[in-house]
Structure formats: C-alpha cells, structure tokens
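The exercises below take a two-chain structure and work through it step by step, beginning with a fold and ending with an interface. Please read each task before turning to its solution.

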Amino acid sequence: MHYSGFKVIKEALTGHRGWGPAWRDATPKAQYDYVIIGGGGHGLATAYYLAKEFKQARIAVLEKGWIGGGNVGRNTTIIRSNYLLDGNEPFYEFSLKLWEGLEQDLNYNAMVSQRGILNLIHSDAQRDAFIRRGNAMILNGADAELLSTAQIVERYPFLNVNNARFPIKGGLAQHRGGTVRHDAVAWGYARAADRRGVDIIQNCEVTGFRIENGTCKGVETSRGFIGAGKVASCVAGSSSRLMEKAGMRLPIESHVLQAFVSEGLKPLLPGVITFGAGHFYCSQSDKGGLVFGGDLDGYNSYAQRGNLPVVEDVCEGGMAIFPNLGRARLLRMWGGIMDMSMDGSPIIDRTHIDGLYFNGGWCYGGFKATPASGFAYAHLLATDTPHKTATAYRFDRFATGHMIDEKGMGNQPNLH
Amino acid sequence: MLIDHPILGPRDAAEFVYKGDAMLIHRPDWQAEDAVAQFTDYGYLRDNPAGLHRELWFHEQGDRSWLVVTRDTTTHEITKVELARDVARAEGRSR
Ligand SMILES: Cc1cc2nc3c(=O)[nH]c(=O)nc-3n(C[C@H](O)[C@H](O)[C@H](O)COP(=O)(O)OP(=O)(O)OC[C@H]3O[C@@H](n4cnc5c(N)ncnc54)[C@H](O)[C@@H]3O)c2cc1C
C-alpha cells in the first residue's frame, strides 16, 4: 500500500477501513541468502538497502524482541555530520544526505526536521578547535557556520551567556543537522524492506552460530536453526554477548546512557543545543517535551537503567546554561546500552570466519548513522568490499595503530 | 551504587573513577616473543560479560587506592570488593 495525502483523505472519508499492517509478521524459512541479526535501525536499514540497491535475494531480519525496542527507540534523535576526522566525516555526511531524501525514498513520514544543531564555545581554545572542525566539515561537503554570542542570543535568548565558569563565547552551527522521529525510522525501514520481500521475524533470538571448517552456515535461534549464505551481526549494545558465541572478543565495552524528557511545553527551543563542557544537550520534541541527556554512567552495564549521580550531573549542566529548565517537571527517564568502542568509532567489517560479518561499536552516536550504516553494511555484504565512505571502520585498525579517535581519549571506552 | 571499601567501609560510587576489566592488572611481558599480539589484546579486547564482572575502580576522592570490585552488569549488584594490591599479589604480580 502506497501512503499519500490522497490516501489519508480517502481513508478519513471512508472510516479508516483500508489501512493494513505496515509489514508482514513473517515466520522463519529454513534457508536465506542473508540473515541479519538485530531489528534495530541499522539492521532494518541494512535489509532495506540490500534488497533495494544491491541484490534480489532472500533476506531475513531476526529480532529477539520487537523491532525498535532497542536503542533506535531509546535515543535522543539527533542527526548531524559535524565530525573532524577523515575516517568519519565523509561517512556521516553521506548519512545526512540520505536522511535528506529518506522520507520520499521510504514513502514514510519519519519527521526529518533540519532545525539545526549548535555546539557552544566557552574559551579561545575551544573556538580554535571548533573552527578547525568546521573547516574539516566544509572540506567534506558539509555545512558549518561559526556564530557569535550575539547571533546565539538572537536565536536562543534564554541561554545564560554569562555563566561564571562557562560563559558562552560563540558556537559552531550546522544548520542541516536536526532531529528525526526515532520510532518512525525503524517502522519506515521495516515497511519499506518488507515491501521488497524481506522477512522481518520478531521474537526470534539468535542463540548461537553454526560454524563448519571456518565458514558460518547459519544461526541457531529460539525458533530453530536458520541456514544462511551470509550472516550479519547488527545488535549494537549486545555485540559482545552475541559475538562471544562465535568465539570472538571485541574492542567494545557495553555502557549505559540515560536520557530524559520533560512535560510538554509550548515551543521554546527551536534547534538542538549542546553544552559539551558541562555535559548536557537538549532539543524540544514536536510534542513539546524537552529531550535532554549528558554523559554515560561510566561503568560496564547491560541493565538499561542508570544511577542518580548522572541524573544530578545532567540536570546541573542544564541549569547552568538553560536556567528556565528548572521550572519544567521531568516526565520520564530511561537508559539504553551503548556499544562503546575503544576509539569511539564504529566497525563495519568482515570477521575471520567466512560468511560472518559485523556491524557495531556505535557508541552514543549511531542513530544519525542509521542510513549510511545500513547502506555501507549492505554494500559490504553484497560485494565483500567496503563502501567508499566506510573503509576505515576495520577490526584491525587497533592492531595496526589506525584508530579513529575524534576526542583523542585513547583506549578508554567510557571517555569517548 | 555503594562500594564497600575494605578499609573505609561503604562509600558512594561517585567518589570513584572507573577504569575497566580487572584483567588490566596483568600487563603483558614486553619481552615476550608475541608481545605485540599480547599488547593488542591487552589494550583493545575485552570480555564485556553480561553478568559478574571483575573491574578496577580508583578511589580518587578518597584514599586513592585501587579496588577490584565484583559486580553484576545486569543488576549493578556488588558482591565483592578487594584491594587491587592484594589481588595482584595473590595472582603473582609485584613479587
Ligand atoms: C539514551 C540514548 C541517547 C542517544 N542519543 C543519540 C542521538 O541523539 N544521536 C545519535 O546519533 N545516536 C544516539 N544514540 C545512539 C543510537 O541510539 C544507537 O547507536 C543506535 O540506535 C544503535 O543501532 P541500532 O538502532 O541498530 O540498535 P538497536 O535498536 O539497539 O538494535 C539492536 C537490536 O538487536 C536486537 N538483538 C540483540 N541481541 C539479539 C540476538 N541475540 N538475537 C536477535 N536480536 C538481538 C535487540 O533486541 C535490538 O532490537 C543514543 C542512545 C541512547 C541509549
């Protein structure tokens, strides 16, 4: 079924009897060409681009719970391509371009909103660093603009520019950044993949791999064995748990990141602001809630919930630059499990086992990467060569010393 | 979270800095034949288990001792706290 304005009006006039389910509830077949493990944003996008761009093939996505129940449904929905390093920036800019055409491509309203993102500057050194970053972005075809304090006050009059410790001295803006409705990304990709024949199989947990003579032949699941020509792991925060079943140890630690949303308010915050020095970032959802977050809790966790010291820290950061936040009541808070890699950058690569592929290490920034990650992973699966924007995302970069460490933090996952 | 420090008693986890897997105590021998491979593992690969995890915490805002904490990563429950020095000695380090 094609969605359109005409269809909405027709259904409104005929009692909404013509809407069908957006995707089939598929039952697993015995054998596929490609089995993708994980029905998050990246797994569903991979299936979609594989079916669309690269091969007419038998493709399944296996999800242990329901699609969109992982990080794709838990994140703070920010998209941007304001990276510094060569290994990253072309990839994230490719992703942003895919976001720009996504809704027409998927025939689904994902509420892509390019409301702009602003990184605040508080010192001369930070200004120098952001100018360098902005230049790197422009060199890679992205947009960046350095704003003065006066320009910031014009757009965000409520910001406390005279904070004693972190006065606001300007900002780096990316006007094409913004937010996207996160659940709709999972649903839109699922529907579009399903329309191209992909089987989306929920309540199907992968419990092991069948590996014979160094080749992966398929996966053991809670719904029986499923054979596959190629198996693609794409389970974000569960990466280490899953790949351990193939005997692999990963350059990844799983950490919890919390997020918060206030009660619904009238329009107040037109774009996304990040206060990196105080570990706070915020946007306003279309429903009116202020959506905000900050740092990781900082210790290995699979609990999908965090502790109070970080709640306090995030709220203090918010109050420091955004004092009227204090009048809003907190509605909800939650946590998600991040696949924090050793250099803060992701991996999209083959493994040493034939037919077994890996996508993970997205840290707290994988939502914006969803379209490009799916596209690049599909490219790798279909052609066995990396996509041109993802050549640096290799497993062996740690052994060879080619880390992609945006923040220069070293091999300490909780600092990225 | 409260960490029951072996010397100081229960302390707020916010006083500590988290380092990671306690296997970091076992720094490889730089003269070993396969030292490069060993250091790559040591520097970059982790078990990252869901369940019991032995991990290093540094009491930065306290007595500045290193602790080995055994904690369940699925519940955050802490079941054992030892001085890293004692663990390292028992496991044959710093002889
Ligand atoms: C609080 C928070 C805020 C964030 N904010 C942002 C942001 O503003 N911008 C941004 O770019 N990124 C953000 N992120 C990061 C982003 O959400 C993730 O990097 C990204 O969603 C990960 O990819 P995914 O969507 O495929 O993961 P997921 O949605 O987690 O998908 C993985 C799926 O695999 C399934 N799975 C796991 N194990 C198995 C198994 N054995 N068998 C079958 N299925 C399995 C899981 O159930 C899950 O559905 C945030 C994350 C959190 C938690």
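**Exercise 1.** Which pattern does chain B follow when read along the sequence?

*Solution.* The model is a predicted one, and its chain B contains 2 helices and 6 strands. Taken in sequence order, these elements of chain B give β-β-β-α-β-β-β-α. The C-alpha trace of chain B spans about 45 × 30 × 20 Å along its principal axes, and 43% of its 95 residues count as buried. Among the contacts in chain B between residues at least 6 apart in sequence, 48% join residues at least 24 apart.

**Exercise 2.** Describe the contact between chain A and chain B, going from its area to the residues and elements of chain A.

*Solution.* Start with the area: about 2,100 Å² is buried between chain A and chain B, with carbon and sulfur atoms giving 48% of it. On the side of chain A, the residues A:Arg249, A:Asn300 and A:Tyr302 supply 30% of the area which that chain buries against chain B, more than any other three residues.

Next, count the residues in contact, which are 25 from chain A and 22 from chain B.

Then turn to polar interactions, where 16 residue pairs are in polar contact across the interface of chain A and chain B. S12(A) gives the most to the side of chain A that touches chain B, namely 4 residues, and by class this side has 11 nonpolar, 10 polar and 4 charged residues.

**Exercise 3.** How many salt bridges does the rule find across the interface of chain A and chain B?

*Solution.* The rule finds 3 salt bridges there, and one of the salt bridges joins the side chains of A:Arg249 and B:Asp47 at 2.7 Å, N to O, a distance that satisfies the cut-off of within 4 Å.

How values were computed
Residues are numbered from 1 along each chain as its sequence is written. Chains are lettered from A and ligands numbered from 1 in the order in which they are written. This is a predicted model: local features need pLDDT of at least 70, side-chain atom pairs count only at pLDDT 80 or more; totals for chains, interfaces and linings use all residues. Side-chain values use heavy atoms; hydrogens and water are left out. Contact means heavy atoms within 4.5 Å. Buried area is the accessible area (1.4 Å probe) that two parts lose on being put together, summed over both. A polar contact is a pair of N or O atoms within 3.5 Å; within protein, one must be able to donate a hydrogen and the other to accept it, and residues adjacent in sequence count only if both atoms are side-chain atoms. Ala, Val, Leu, Ile, Met, Phe, Trp, Tyr, Cys and Pro count as nonpolar, Asp, Glu, Lys and Arg as charged, and the others, Gly among them, as polar. Buried means under 20% relative accessible area, exposed over 50%, partly exposed in between (1.4 Å probe, protein chains only).
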